[in-house]
Amino acid sequence: MENRTSEVLLSAIEEHILPGTTVMSDCWSSYQCLSDEGFVHPTVNHSMHFVDPDTGAHTQSIEGTWRAIKRGLNGTNHVKGPFDSYMAAYMWKRKNSTAESRMESLLDMIKEVYPPRSKDKRKLKKKNGTK
């Protein structure tokens with residue numbers, strides 16, 4: 001997001017994240033309103049720790065995920081355009097990590113859109129001379 005004021009970030013967070021959700025972040029000032037807005041908001045001060053020793057709060061998981069997504073974007077460090085498609089492709093590849101599971105998943109998606117016809121319907125169509 002280009003505009004990272006607390007108002008803009010809070011609006012985006014409220015649009016996509018349910019109240020009561022735990023949102024871990026660093027101690028950046030724009031995130032400090034999250035607790036007041038109904039989010040559980042543990043923080044980590046990166047100038048002192050990677051993981052907060054008292055709460056266990058960290059941002060390593062999302063930072064690692066973000067790094068992996070960017071790695072697949074042909075060497076760019078900035079994402080412009082259809083971010084949702086980048087995220088969807090990353091999530092699908094992560095869920096289907098082998099060629100076999102990717103093929104099986106692809107076939108399942110095709111079957112969902114184009115369900116196989118039942119044998120009875122095919123027999124009836126052959127009997128009536130239709131395709």
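Guide: Welcome! A contact here means heavy atoms within 4.5 Å. The model above is predicted.

Visitor: With that in mind, which residues does histidine 41 touch, not counting residues up to four places away in sequence?

Guide: Let's place histidine 41 before listing its partners: it is found in the loop between β1 (25-26) and β2 (43-44). Leaving out residues up to four places away in sequence, histidine 41 touches Val23, Ser25, Tyr31, Leu34 and Ser35.

Visitor: Does histidine 41 count as buried or exposed?

Guide: Buried means under 20% relative accessible area. Histidine 41 has 14% relative accessibility, which is under that cut-off, so it counts as buried.

Visitor: Which side chain is joined to histidine 41 by a polar contact of 2.7 Å?

Guide: Ser25 is already among the residues that histidine 41 touches. The polar contact of 2.7 Å runs between side chains, and the partner of histidine 41 in it is serine 25.

Visitor: Tyr31 was in that list too. How do the planes of tryptophan 28 and tyrosine 31 sit in their aromatic pair: stacked or edge-to-face?

Guide: The count comes to 1 aromatic pair. In it, the rings of tryptophan 28 and tyrosine 31 are 5.6 Å apart, centre to centre, with 75 degrees between the planes. Planes over 60 degrees apart take the pair past the cut-off, so its class is edge-to-face.

Visitor: How does tyrosine 31 count by relative accessibility?

Guide: Its partner tryptophan 28 has 35% relative accessibility and counts as partly exposed. Tyrosine 31 has 22%, and buried would need under 20%, so tyrosine 31 counts as partly exposed.

Visitor: Moving on to the next loop, how far apart in space are alanine 57 and threonine 43, C-alpha to C-alpha?

Guide: Alanine 57 is found in the loop between β2 and α2 (60-71), and Thr43 is among the residues it touches. The two are 14 residues apart in sequence, while their C-alpha atoms are separated in space by 5.7 Å.

Visitor: What is the relative accessibility of alanine 57?

Guide: Besides Thr43, the residues that alanine 57 touches include Met24, Pro42, Val44, Phe50, Val51 and Asp52. Alanine 57 counts as buried because its relative accessibility is 1%.

Visitor: Which residue forms a salt bridge with aspartate 108?

Guide: The structure holds 1 salt bridge. Its closest N and O atoms are 3.7 Å apart, and the cut-off is within 4 Å, so the pair qualifies. The partner of aspartate 108 is lysine 111.

Visitor: In which helix do aspartate 108 and lysine 111 both lie?

Guide: Aspartate 108, at 39% relative accessibility, counts as partly exposed, and lysine 111, at 46%, also counts as partly exposed. They are 3 residues apart, about one turn of the helix, and that helix (residues 99-113) is α4.

Visitor: How much accessible area does the nonpolar patch on the surface have together?

Guide: The patch is formed by Met103, Leu106, Leu107, Met109, Ile110, Val113 and Tyr114. Leucine 106, for one, lies in helix α4 and counts as partly exposed at 39% relative accessibility. Taken together, the patch residues have an accessible area of about 700 Å².

Visitor: Finally, in what order do the elements run from the N terminus on?

Guide: The protein has 5 helices and 2 strands, and buried residues make up 15% of its 131 residues. From the N terminus on, the order is α-β-β-α-α-α-α.

Note on methods: Residues numbered from 1 in each chain as written. Predicted model: local features only at pLDDT ≥ 70, side-chain atom pairs only at ≥ 80, totals over all residues. Heavy atoms only, no water. Phe/Tyr/Trp six-rings, centres within 6.5 Å; stacked < 30°, edge-to-face > 60°. Buried < 20%, exposed > 50% of the residue type's maximum accessible area, 1.4 Å probe, protein only. Salt bridge = Lys/Arg side-chain N within 4 Å of Asp/Glu carboxyl O. Helix = DSSP H or I, 4+ residues; strand = E, 2+ residues; numbered from the N terminus. Polar contact = N/O pair within 3.5 Å; in protein donor to acceptor, adjacent residues only side chain to side chain. Patch = residues over 30% accessible without salt bridge, like charges linked within 9 Å, V, L, I, M, F, W, Y side chains within 5 Å. Areas by Shrake-Rupley, 256 points an atom, 1.4 Å probe, with all protein chains shown as cover.
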